[in-house]
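Q: Could you take a close look at one part of this model for me? I'd like a walk through a group of charged side chains and how they connect.

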Amino acid sequence: SAAWRVTPSPPLSPQSPHRRLPQPLSTLATAPTIVRDVTPLRRRHLAELARGDLSAARFLRDAADSTSEVYGLVNEKVAVSLGPAAAWDRARVAVYFALWYLLSVVYSVKNK
């Protein structure tokens, strides 16, 4: 029995072949939910995410020794941890920097 609640699902889109609109991580609930039972990521979870049965969330993982903030996939039945929120935030900044550098190089080469 998990002691947590799920953030609201993204709205349905009648024009899209997908069941739900994607929900960016920046628009998630500001107060993370505490999750005690976290399931390891499996291939079926990715299929459920593609079908719209799982949604992205930022929540507090309550382990026996500590509590940490993680990004994950959740629905009413399961919570899947994708990793520490701090690591994902650092990776996002690194991706933005790499993208800026790549686009800067392409722009410089094209305008010679």
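A: Sure, and keep in mind that this is a predicted model. Let's start in helix 2, where the side chains of Arg-92 and Asp-89 meet in a salt bridge, 3.9 Å from N to O. That sits just inside the cut-off, because a salt bridge here needs the nitrogen within 4 Å of the carboxyl oxygen. Both residues belong to helix 2 and are three residues apart, about one turn of the helix. Arg-92 has 40% relative accessibility, so it counts as partly exposed.

Now follow Asp-89, which is partly exposed too, with a relative accessible area of 21%. Its side chain also makes a salt bridge with Arg-58, at 3.4 Å from N to O. This one joins distant parts of the chain: Asp-89 is in helix 2 (residues 85–110) and Arg-58 is in strand 2, 31 residues away.

Arg-58, at 26% relative accessibility, is again partly exposed. It has another partner, Glu-69, and the closest N and O atoms of that salt bridge are 2.9 Å apart. Here, too, distant parts of the chain are linked, with Glu-69 in strand 3 (residues 67–74) and Arg-58 in strand 2 (residues 55–62), 11 residues apart. Glu-69 comes out as partly exposed, at 31% relative accessibility.

Put the pairs together and you get a network of salt bridges linking Arg-58, Glu-69, Asp-89 and Arg-92. For context, a search of the whole structure turns up five salt bridges.

Methods. Residues are numbered from 1 along each chain as its sequence is written. This is a predicted model: local features need pLDDT of at least 70, side-chain atom pairs count only at pLDDT 80 or more; totals for chains, interfaces and linings use all residues. Side-chain values use heavy atoms; hydrogens and water are left out. Helices (H or I, at least four residues) and strands (E, at least two) are DSSP runs, numbered from the N terminus. Buried means under 20% relative accessible area, exposed over 50%, partly exposed in between (1.4 Å probe, protein chains only).
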